[in-house]
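Student: I would like to go through this structure with you, one question at a time.

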Amino acid sequence: MDSVKVKNLIILILLAVNIVLLSVFIADTARERDLSGGAVEGVVALLEENGIAVSQRAELSERSLPALSVSRDTELERTLAAAVLGEVSVSDLGGNILRYSGEYGMANFRGTGGFEIVLHESRYDPERPLESARSLAADLGLETMREPGRTDIDPDTLEGTIELICALEDSAVVNCRLSFTFAAGRIVTVIGTRVLDNVVLSQEVRLLDVPTVLLRFLGLVQEGGHVCSEISSLELCYIMTASAAGEGELTPVWQIATDAGDFYINAVSGQEESIT
């Protein structure tokens, strides 16, 4: 057999092997999907037996997020503070707390991501409070969820508060929230916790799947004696923990919205998380 025929034969054998392997992969994937779907249906039925319905609008598909390490960047922080306050001077208050003083007000930023801003003059539109809040958050380099966490603005006086929830690439960071206080449509104060500036490490981690997290939720409801009759949504989000030194972690967490309030379950450890 000449060399050309040998090469063609080898190519045909490799092609056949690849087709077999692809068929096995497709079959295994379909089998896993069927098993997962069956498990979800079983847990949904179990929840219903315990008086908890799952809304048809609730997304029950599997999702994933990496665990992230983040850090504070004080040089970038100063630039972002200046975008809100104008040219700033910096004072070190100790405990890794920096104060930025500028033409439009002052701000204290902490290594943990916590901060307070007081504005005595505002460059934001006083007729559109929500848009003003979003603009200020963007000036701080923060992504926020499309829907505000809470809006309590008097339409006549334009006084009250708006809460925005921070996000990272469209995933909510559920304990990083910004509370804006308005007077006559003008932002007076901003208090909250921001997502730290830089992602320094991204790591794939094994997360609780949907059936497991729903079972864990049922256990929490029964253990806590909660009165719950419906799950309206199931979202995979982040929770941030950070030290005063300016180093933090973003850990995936399942957010289960119900008629008894929101429940948060750590998607790695399975522990319930308290969000304040």
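The questions below cover confidence, a helix, the nonpolar cores and a strand residue.

Student: Which stretch of this model has pLDDT below 50?
Tutor: The model is predicted. The chain's mean pLDDT is 88, and 87% of its residues reach 70 or more. Where pLDDT is low, predicted coordinates should not be read in detail. That caution applies to a stretch with 2 contacts beyond near neighbours in sequence, residues 16-37.

Student: Within what arc do the buried residues of α3 fall?
Tutor: Helix α3 spans residues 129-139. Its buried residues are Pro129, Ser132, Ala133, Leu136 and Ala137. Seen down the axis, they line one face of α3, because they fall within an arc of 135 degrees.

Student: Which helix gives the most to the largest nonpolar core?
Tutor: That core has 61 residues. Leu47, Ile117, Leu136, Phe180 and Phe217 touch the most other members. Ile117's contacts beyond four places in sequence include Leu85, Met106, Leu136 and Val188. With 7 residues, the top contributor is helix α4, residues 210-224.

Student: How many residues does the second, separate core have?
Tutor: Among its members are Ala172, Val253, Tyr264 and Ile275. The count for this core is 8 residues.

Student: Is Ser69 buried or exposed?
Tutor: Ser69 sits in strand β2, residues 67-71. Beyond four places in sequence, its contacts include Asn198, Val200, Gly248 and Glu249. The cut-off for buried is under 20% relative accessible area. Ser69 has 13%, so Ser69 is buried.

Student: How far apart in space are Ser69 and Leu250?
Tutor: In sequence they are 181 residues apart. In space, C-alpha to C-alpha, the distance is 6.3 Å.

Key:
Residues numbered from 1 in each chain as written. Predicted model: local features only at pLDDT ≥ 70, side-chain atom pairs only at ≥ 80, totals over all residues. Heavy atoms only, no water. pLDDT = per-residue confidence, 0-100. Contact = heavy atoms within 4.5 Å. Buried < 20%, exposed > 50% of the residue type's maximum accessible area, 1.4 Å probe, protein only. Helix = DSSP H or I, 4+ residues; strand = E, 2+ residues; numbered from the N terminus. Arc of directions from axis to C-beta. Core = buried A, V, L, I, M, F, W, Y, C linked by side-chain atoms within 4.5 Å.
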